[in-house]
Amino acid sequence: MLSLLVIFVLTSGFSQTGKIEFEEYDLDNGLHVILQQDQTTPNIVVSVMYHVGSKNENPEMTGFAHFFEHLMFEGTDNIPRHQYDKYVSRAGGVLNANTSSDRTYYYEKLPSNQLALGLWLESERMMHAKVEAIGIKTQKGVVIQEKKQSYDNRPYGRILPETMKRAYVKHPYRWITIGDEKHIENAKDEDFLNFYKEFYVPNNAVLTICGDFKSEEAKKLVNDYFTEIPKGTKEIYRPSIVEPVKTAEVRDTVYDNIQLPAVIQAYHIPAVGTSDFYAVDMLSKLMTDGKSSRLYKTLVDEKQLALQMMAFPMPNEDPGLTLAFGIPNMGVDLKVLEKEMDTQFATVREELISDSEFQKLRNKIENELVSSNATIEMRASNLATAYTYYKDAGRVNEELEKYFSVTKEDIRDVAQKYFVSKNRVVLYYMPKQN
C-alpha cells in the first residue's frame with residue numbers, strides 16, 4: 001500500500017511529503033492566479049471564485065449572488081444566449097457553479113487540449129457578461145421557481161431559512177442564499193448591473209487551473225485572456241457586522257406541510273479557520289457525523305427514540321452554525337428526544353472523550369482531508385477557497401496539522417463554550433394542523 005501511495009503522490013500534484021504543490025501570482029488588475037499541475041489524467045479544471053456571497057447583499061435586495069450564479073450562463077457579448085454550456089459539452093467537458101453565503105464559484109472540466117477554451121469562457125464571463133433585460137427576466141422566473149421547489153414546497157425545506165432568521169438578528173447570515181423572491185422580482189435591471197460591476201471584477205476573484213498543462217503555456221493564455229480586463233472601480237462591500245454574543249436560548253415552533261415532526265438544535269460556532277473551529281468541527285463529527293456518531297448510535301440504534309439523526313454544519317467565513325436535526329420514532333414526544341440530545345451534549349461538556357473515539361476522529365479527518373484533495377476538481381476548489389477566505393492558498397497544506405493539534409481537552413472546552421443552551425436556537429418543526 002505504501003508503494004502505491006508514493007506513486008500516487010508523485011504523479012498527482014503532491015510532493016513526497018503529501019503537500020499540494022502549486023504556483024501563484026497576481027496580474028496587474030488584481031486577479032490572483034493559481035496553477036496546480038497534475039499529469040495523472042489528460043484533463044484540466046479551469047475555475048474562478050468570486051469573493052461575493054449572500055452576506056455581501058443589501059438587506060432589501062437579497063438573493064443577488066445566487067441570481068448571478070444563473071445569469072452568468074446567459075451569454076456574453078461574444079457568446080450567444082444559451083450557448084455558453086454548449087461550448088463545453090461539444091469539447092467533451094462539463095461545467096457547473098455554486099453559491100454560498102461567502103463566495104460564488106464557477107468551473108469547467110475539460111480535456112487538457114482545451115485550456116484556451118476554458119480561459120476564454122471565464123474571461124468572457126468576467127468582462128462581457130450579458131446583464132440585460134431578456135436574460136434578467138428569464139432568470140427571475142428560474143430562481144423564483146427554484147425557491148418554491150427547494151424550500152417552499154419541499155418537506156423540511158424551510159428548516160434552514162426558519163433557523164437562520166432566528167439565529168441572527170444583525171449579521172447578513174440571517175437570510176439564505178436563495179434570498180427573498182420579492183426582492184428578485186422587484187429588482188430593476190440597473191440594480192443587477194451595479195451588482196455585477198462591483199463584485200465580478202478581477203480584483204475580487206481568483207483564477208485556478210488544475211490538471212495536465214504546461215506552466216508557460218498556461219501563463220501566456222492567462223495573460224492573453226485576462227490582462228486587458230480592467231480592475232473594478234467600485235468599492236467592494238465587505239460587511240463588518242458582528243453578531244451580538246448570545247445570552248439566552250431562542251425557542252420556537254414552526255408548522256409546515258410535513259407528516260413527521262422534528263427537533264432542530266442550532267449552535268453558534270466560530271468562523272472557519274479560527275483556532276476554536278478545528279476543535280468544534282471535531283466535536284460536531286463526534287456527535288452528529290454518520291451512523292457511528294454519538295447521537296445516531298444512542299438515539300436511533302440503542303434507545304430507538306429517533307428514526308433519523310442528521311447534521312448540517314456551516315463552516316462560514318464569519319461565525320456560523322452547526323445544526324443537529326432529529327425525527328422522533330413513532331409515539332416518541334419531541335421533548336423526550338430533545339432531552340436525550342441534551343444529555344449527550346452534557347456528557348461531552350463534563351467528560352473527556354475516550355482514547356479510541358479520539359483516535360477514530362483523527363483517522364476520519366485525515367481520510368477526509370486526503371480524499372478532499374484527491375481530484376483536480378476538489379483541489380481547484382480547495383485552493384481557491386483557501387485564498388478567498390485567508391488570502392493564503394497554502395492553508396490547504398496546513399489543515400491536517402491544525403486538526404491534529406487539537407487535544408481531548410480542547411474538545412471538552414469548546415463543548416463547554418459553544419454547545420450550551422444560551423448559545424442555540426431550538427425549533428420544534430410540526431405538521432400543520434387542519
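## Salt bridges across the chain

Lys109 and Glu377 pair up through their side chains in a salt bridge, with 3.1 Å from N to O. The two residues come from distant parts of the chain: Lys109 is in strand S5 (residues 104-111) and Glu377 is in helix H14, 268 residues apart. Lys109 is partly exposed, at 23% relative accessibility, and Glu377 is also partly exposed, at 30%.

Keep in mind that this is a predicted model. The protein chain has a mean pLDDT of 93, with 96% of its residues at 70 or more. One stretch to treat separately is residues 1-11, where the pLDDT is below 50. Beyond near neighbours in sequence, that stretch has 8 contacts in the model.

Back to the charges. Side chains of opposite charge can pair when their charged atoms come close. The structure holds 31 salt bridges, and the pair of Lys109 and Glu377 is one of the bridges described here.

Helix H14 turns up again with Arg379, which forms a salt bridge with Asp38; their closest N and O atoms are 2.9 Å apart. Here the link runs from helix H14 (residues 376-390) to the loop between strand S2 (32-37) and strand S3 (43-50), where Asp38 sits, and the partners are 341 residues apart. Is this pair buried or exposed? Arg379 has a relative accessible area of 0%, so it counts as buried, the cut-off being under 20%. Asp38 is buried as well, at 3% relative accessibility.

Another pair brings in helix H9. Glu23 and Lys219 meet through their side chains in a salt bridge of 2.4 Å, N to O. Glu23 belongs to strand S1 (residues 23-26) and Lys219 to helix H9 (residues 215-226), with their positions 196 residues apart in the chain. Glu23 is partly exposed, with a relative accessible area of 32%, and Lys219 is partly exposed too, with 25%.

Here are the three pairs side by side:

| Salt bridge | N to O distance | Residues apart |
|---|---|---|
| Glu23 and Lys219 | 2.4 Å | 196 residues |
| Arg379 and Asp38 | 2.9 Å | 341 residues |
| Lys109 and Glu377 | 3.1 Å | 268 residues |

Not everything comes as a simple pair. Which residues are linked in a network of salt bridges? On the basic side they are Lys147, Arg158, Lys165 and Arg166, and on the acidic side Asp152, Glu162, Glu181 and Asp252.

Definitions and conventions:
Residues are numbered from 1 along each chain as its sequence is written. This is a predicted model: local features need pLDDT of at least 70, side-chain atom pairs count only at pLDDT 80 or more; totals for chains, interfaces and linings use all residues. Side-chain values use heavy atoms; hydrogens and water are left out. pLDDT is the predictor's confidence in each residue, from 0 to 100. Contact means heavy atoms within 4.5 Å. A salt bridge is a side-chain nitrogen of Lys or Arg within 4 Å of a carboxyl oxygen of Asp or Glu. Helices (H or I, at least four residues) and strands (E, at least two) are DSSP runs, numbered from the N terminus. Buried means under 20% relative accessible area, exposed over 50%, partly exposed in between (1.4 Å probe, protein chains only).
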